[in-house]
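This report covers a metal site, salt bridges, a loop contact and a surface patch. The structure is shown first.

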Amino acid sequence: MILCERSDKISSHHDKEELRFMIVILKRGTQEREVEPIYKMLEECGIIAQEITGETTRMIGMAGDTSGISEDSILCFPCVERIMRVQEPYKLAGRKFHPEESVFDIGGQKIGGGHFAVMAGPCSVESEEQILAIAAAVKDSGASFLRGGAFKPRTSPYAFKGLGLEGLELLVMAKRKTGMPIVTEIMSSEYLDAFAELADVIQIGARNMQNFTLLSQVGALKKPVLLKRGLSSTIEELLMAAEYIMAGGSSEVILCERGIRTFETATRNTLDVSAVPVLKAKSHLPVVIDPSHATGYWYYVEPMALAATAAGADGLMLEVHNNPELALCDGAQSVTPQVFHRIMNKVGRVREAIASS
Ligand code: PEP
Ligand code: MN
């Protein structure tokens, strides 16, 4: 295809320009006079356009900084059948301009590019005793990050919604005792300053994955972010949400697959294990799997943690509770510290097996 007349300029400016390569497919029988206004518009925008004519199909290929034209403005022309984007719209999160895998060093814990990290802890921080006991236990078994919720997105307004700022302080106390960096979810921009100061990794939960204002605001803090896939979001939507955070200023986004909504009700969600190789093909960002929210039952967590590890995930997020039957949130999917220990051993063996194969 002859689309490369400005390719030098394009590749040297890729970090600044919104680059897209588009193909416009024209309807059969399109007259010359119908196409002319399209060329005129493209010329005014400085786009290199090249017509490709096949036996039955006529197309316009375009390259250059297409940020000045929206797809809608082209679709408005009656002779246009459809538009195909040749390049993904996520340039910061995508592999195209960042082929090597990203490795993040967060408080001394590495993740990505062969570094595997486990984030573990209770769904919600409930008390000082609870978080300190769980933090010590998961650290002993090899977890790298302590994860706990202080602000909880609950479906029912009457359910326990977390200890709020007090929960954040308790996480910091557990970090001081164990040395583990903390991962915790932000739900509202009201607490941006507190999260900027106290959290090591800011979690954006599934329900807020497309809260675009929050994504940009969290990105502007330039801190590591754990971004969970929305309940019914596609992989492209997840990557676009990562793009929002990165465009906001953060370069350290960890992607998390936590199960998606399907017709299946035997599990809380359906774990999309294939999201691991797909995300890793499309993006340089580390990918972790959360088998706790994906399955909803503690006894399914171990097999799915092993499957995720075998699939090449860069880490896991696991809910662990020292007293699951009394947990104020997500007890049924929380493993005990003993089960967590066993999972960690088996995950280690899976990692060795795939490394040596
Ligand atoms: C959580 O991690 O505790 C949580 C609420 O998860 P999700 O946003 O994936 O539902
Ligand atoms: Mn939970």
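A residue counts as buried when its relative accessible area is under 20%, as exposed when it is over 50%, and as partly exposed in between. The model described here is predicted. E319 has a relative accessibility of 0% and is therefore buried.

**Metal site**

Which atoms coordinate the manganese ion (ligand 2)? The donors are C123 (SG), H293 (NE2), E319 (OE) and D330 (OD), at 2.1 to 2.4 Å. Along the chain, the donors of this manganese ion follow the spacing C-x169-H-x25-E-x10-D. Of the donors, E319 belongs to strand β14 (residues 315-319), while D330 sits in the loop between β14 and α12 (337-356); the two are 11 residues apart. Both E319 and D330 are buried.

**Salt bridges**

The whole structure contains 15 salt bridges. Three of them are listed here, with the separation between N and O atoms.

| Acidic residue | Basic residue | N to O distance |
|---|---|---|
| E51 | R58 | 2.4 Å |
| E101 | R95 | 3.2 Å |
| E319 | R147 | 3.0 Å |

E319, a donor to the manganese ion (ligand 2), also meets R147 in a salt bridge. E319 lies in strand β14 and R147 in strand β8 (residues 145-147), so this pair ties together parts that are 172 residues apart in sequence. R147 has a relative accessible area of 2%, which means that R147 is buried. Salt bridges with shared partners also join R95, E101, K280 and D314 into one network. Within that network, E101 is partly exposed, because its relative accessible area is 30%.

Is each partner in the E51 and R58 pair buried or partly exposed? E51 has 25% relative accessibility and so counts as partly exposed. R58, at 15%, counts as buried.

**A loop contact**

S188 is located in the loop between β9 (182-185) and α6 (192-198). The side chain of S188 reaches the backbone nitrogen of E190 at 3.0 Å. S188 and V218 are 30 residues apart along the chain, and their C-alpha atoms are separated by 10.0 Å. With 26% relative accessibility, S188 is partly exposed.

**Surface patch**

Y297, W298, Y299 and Y300 make up a nonpolar patch on the surface. Together these residues have about 400 Å² of accessible area. Y300 is placed in helix α11 (residues 298-310). The relative accessible area of Y300 is 34%, so Y300 is partly exposed.

Key. Residues numbered from 1 in each chain as written. Chains lettered and ligands numbered in written order. Predicted model: local features only at pLDDT ≥ 70, side-chain atom pairs only at ≥ 80, totals over all residues. Heavy atoms only, no water. Patch = residues over 30% accessible without salt bridge, like charges linked within 9 Å, V, L, I, M, F, W, Y side chains within 5 Å. Areas by Shrake-Rupley, 256 points an atom, 1.4 Å probe, with all protein chains shown as cover. Salt bridge = Lys/Arg side-chain N within 4 Å of Asp/Glu carboxyl O. Helix = DSSP H or I, 4+ residues; strand = E, 2+ residues; numbered from the N terminus. Buried < 20%, exposed > 50% of the residue type's maximum accessible area, 1.4 Å probe, protein only. Polar contact = N/O pair within 3.5 Å; in protein donor to acceptor, adjacent residues only side chain to side chain. Donors = N, O, S within 2.8 Å, 3.2 Å for Na, K, Ca; no water.
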